Amino acid sequence: MTQINAKIAICVEGDIGFITSDNAPVNALGIAVREGLVEGLKALNEDPAVKAIVLACAGRTFFAGADITEFGKPRLSPTLQDVIAALESSPKPVVAAIHGTALGGGLETALGCHFRVAVPAARVGLPEINLGLFAGGGGTQRLPRLIGPEQALEFCLSGKPVSAKQALELGIVDAVEEGEPATIGAAFARRVIDEKLPAVPVRDREERLAATRADPSTFDALAARLTARKQGQDAPQANIDSVRRSFTMSLDDALAIDAVANRELMSGGQSRALRHLFFAEREATKIPGLPESAKAREVRKGAIIGAGTMGGGIAMCFAGAGIPVAIIDTTQEALDRGMERVKANYATSVKRGSISQAQMDQRLALITPAVDRAAAADADVVIEAVFEDMAVKKEIFADLEKRVRPGTVLASNTSALDVDDIASVLDRPEDFVGMHFFSPANVMKLLEVVKAAKTSPDAILTAMAVGKAIGKVSVLSGNCDGFIGNRMVAKRSAQAERLLQQGAFPRQVDAALTNLGFPMGPLTTNDMSGLDIGYSIRKRRGTPFPIADAIVESGRLGQKTGAGYYRYEPGDRTPHANPETQALIIATSQKLGITRRDIAEAEMVERLLFPLINEGARILEEGIALRASDVDLVWINGYGWPRHLGGPMFYADEAGLPHIVARLREFAAETPDDPSLRPAALLVELAEKGQSFAVWQQGSAA
Ligand code: NAD
């Protein structure tokens, strides 16, 4: 074994040369790896004993991708493209031996080799689209030459890795073999030498391009279908354009254009937003300030109290992760209703093909319905999801605490009750935590883990670990009215109401956000959830919304009654303009003495978003959220904020904090009765110092 540098070694056994990368943890293709690969390859090509070369990685994976910490920095030579070109032009055949995951630049490196073999557990993919990019190391040019432009397009636009078996079927790898990567690589190299297999570089394989070149209509139709729901996003179209170049121009011309196009994407706001979210998800799992000894407790069984909308969905999350779960309600009837809903949800998934019948059966078998709370006695975590009623919740927790082992995490899915008040009935409040799921709980990715005053570090870590196990993005929140997400959304709702009073109609308010890329506008969302929920909260708090209240009082509660802000045809969720509601809106403006005016869409966007951003800043200064990127994750995963816009605090940084402060001051002056519109101290301070939410840290004087 000869070390080329700290990361790359070479050796020769008989007539086979080996290049081994050892760059823990994931063999990212950083500069040292790239330099070593080029040098190692040169050395083996110069060694007359070597007839074929195996490229493999030590540790848990083949090259898992580019070194993401080099993104946005000046490019260092040799670039990944240089490495791939060196592999591809190697006079001696190179076999990539893949284990773990070959993603992005990792797969592109393998595509630069003459042959690819993989272990059965390996996975390969081009996830660049998830970061707002395309595979700019030639992936979009070489993959079509192996598997055809149409399959390559689907592969690039999905961004999802495929198994070794699928990769073999597609033609991305040449063989799948059990064994050590270097061993299976060597076995294939032996065949290459002995059987004189033709070592044609991928760049020279043109035969899979011929059909699309002759008739690109299938490709075009596929491209249109795959981007139909991705309006406003740059990366999908950039992927299509790049794959199209594979069959419309030479590889070198295409690579030259790719380099420019990908650099443009890389410096654009959308890719910046997506990269921000990539790091945000990693950050959110870290909870500073906990004692070293704190650790998550093992969760082998769960229990859910309440088999309603949320309870059933949460039980499905556990079953989906293979964790047995009891679901408990007061009557057999309520339980049966709940289980019917769970079964219907699964049946829909089977029909759509997202799970198999066998998977449905397995998951149902993990959910045990019960009317007796004794079924929760041996659970490691119990999540309460009953009516939003403090007395009912207190009774349940006081009783549960006597039934379960100390250390069992007791969690409430409350959306709006004070978690400290709930915990006040407990002898062991340290085991209590809020676990706020979003509806539909089996689908929505967000979990707000709400820390009550006495929640122990272990209970926090356990709730976060449960979130991870069941596939959620967990964000820690302090205790306050509405926690992170609903507290911010309340500010947007107030502005939507005000826009209606001042001159807008529902469709214009919603369009302001759907045109930005939100999947649904705030008023359509309210119609879907039911307008009575907000109404009863406002009545309780004495905070009227004259228009929203008038709509409810006229008997229109949203989709479920066929009318709300919009009108609905029976059995159809499409919102239609509702002339009666519009008349009611105009009449209410009149009653309030407001002269209605045309409001520009840009103003609506700012009025809907800046106040919620302002509340986000307050949430940060109060320490309710740990970091601005956590607030972004809440909105991305729970409230439909488009990923390519990065979340509200990222959006604020991009829009410019001084601009937001100035606009908020104008809104506050126009609306003196709403002090929440005055810019938060943190926002003002960051704006004045020319700083951003991205670099602000809890505890640092802003
Ligand atoms: P739901 O009305 O659909 O279900 C409540 C269930 O609890 C019913 O099946 C009821 O029979 C059962 N129940 C009532 N008292 C009980 C008791 N003492 N013991 C056992 N079961 C009992 O309500 P939901 O929409 O599922 O909401 C449940 C909780 O989740 C509430 O706290 C709510 O605020 C919260 N939440 C709801 C949403 C949402 O969008 N629906 C989102 C997040 C959080």
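Trainee: Which helix gives the most to the shell around the ligand?

Mentor: α16, with 3 residues. Keep in mind that this is a predicted model. Two further elements, α13 (309-320) and β16 (432-437), each supply at least two residues of that shell.

Trainee: What makes the contact of Lys393 with the ligand a polar one?

Mentor: A polar side-chain atom of Lys393 lies 2.6 Å from an oxygen atom of the ligand. The cut-off is 3.5 Å between N or O atoms, so the pair qualifies. Thr309 qualifies too: a polar side-chain atom of Thr309 lies 2.9 Å from a ligand oxygen. For Gly308, a backbone N or O atom lies 3.5 Å from an oxygen atom of the ligand. Taken alone, the ligand exposes 830 Å², and the protein buries 78% of that.

Trainee: How do the residues of the shell divide into nonpolar, polar and charged?

Mentor: The shell has 11 nonpolar, 9 polar and 4 charged residues.

Trainee: Why is the pair Arg145 and Glu206 called a salt bridge?

Mentor: The two side chains meet at 3.4 Å, N to O. The limit is 4 Å, so the name fits. Arg145 sits in helix α4 (residues 139-147), and Glu206 in the loop between α7 (181-194) and α8 (210-214), so the pair ties together parts 61 residues apart in sequence.

Trainee: How do you know whether Arg145 and Glu206 are buried or exposed?

Mentor: Buried means under 20% relative accessible area, and exposed means over 50%. Arg145 has 2%, so Arg145 is buried. Glu206 has 32%, so Glu206 counts as partly exposed.

Trainee: Where do Lys343 and Glu340 lie, and what separates them?

Mentor: Both lie in helix α14 (residues 332-352), 3 residues apart, which means about one helical turn. Their side chains meet in a salt bridge at 3.9 Å, N to O. Lys343 has 36% relative accessibility and counts as partly exposed. Glu340, at 47%, is partly exposed.

Trainee: What makes Asp549 and Arg538 count as buried?

Mentor: Asp549 has a relative accessible area of 7%. Arg538 has 13%. The cut-off is under 20%, so both names hold. Their side chains meet in a salt bridge at 2.8 Å, N to O. The pair links helix α23 (residues 546-553) with helix α22 (residues 531-541).

Trainee: What span is expected of α25, and what does the helix reach?

Mentor: Its 21 residues reach 30 Å from first C-alpha to last, close to the 30 Å expected. The helix is mostly covered, with 18 of its 21 residues buried. Just after α25, Gly623 takes a positive phi of about 80°.

Key: Residues are numbered from 1 along each chain as its sequence is written. This is a predicted model: local features need pLDDT of at least 70, side-chain atom pairs count only at pLDDT 80 or more; totals for chains, interfaces and linings use all residues. Side-chain values use heavy atoms; hydrogens and water are left out. Helices (H or I, at least four residues) and strands (E, at least two) are DSSP runs, numbered from the N terminus. The expected span of a helix is 1.5 Å times one less than its number of residues. Buried means under 20% relative accessible area, exposed over 50%, partly exposed in between (1.4 Å probe, protein chains only). A polar contact is a pair of N or O atoms within 3.5 Å; within protein, one must be able to donate a hydrogen and the other to accept it, and residues adjacent in sequence count only if both atoms are side-chain atoms. Accessible areas come from the Shrake-Rupley method with a 1.4 Å probe; for residues, only the protein chains shown count as cover. Ala, Val, Leu, Ile, Met, Phe, Trp, Tyr, Cys and Pro count as nonpolar, Asp, Glu, Lys and Arg as charged, and the others, Gly among them, as polar.
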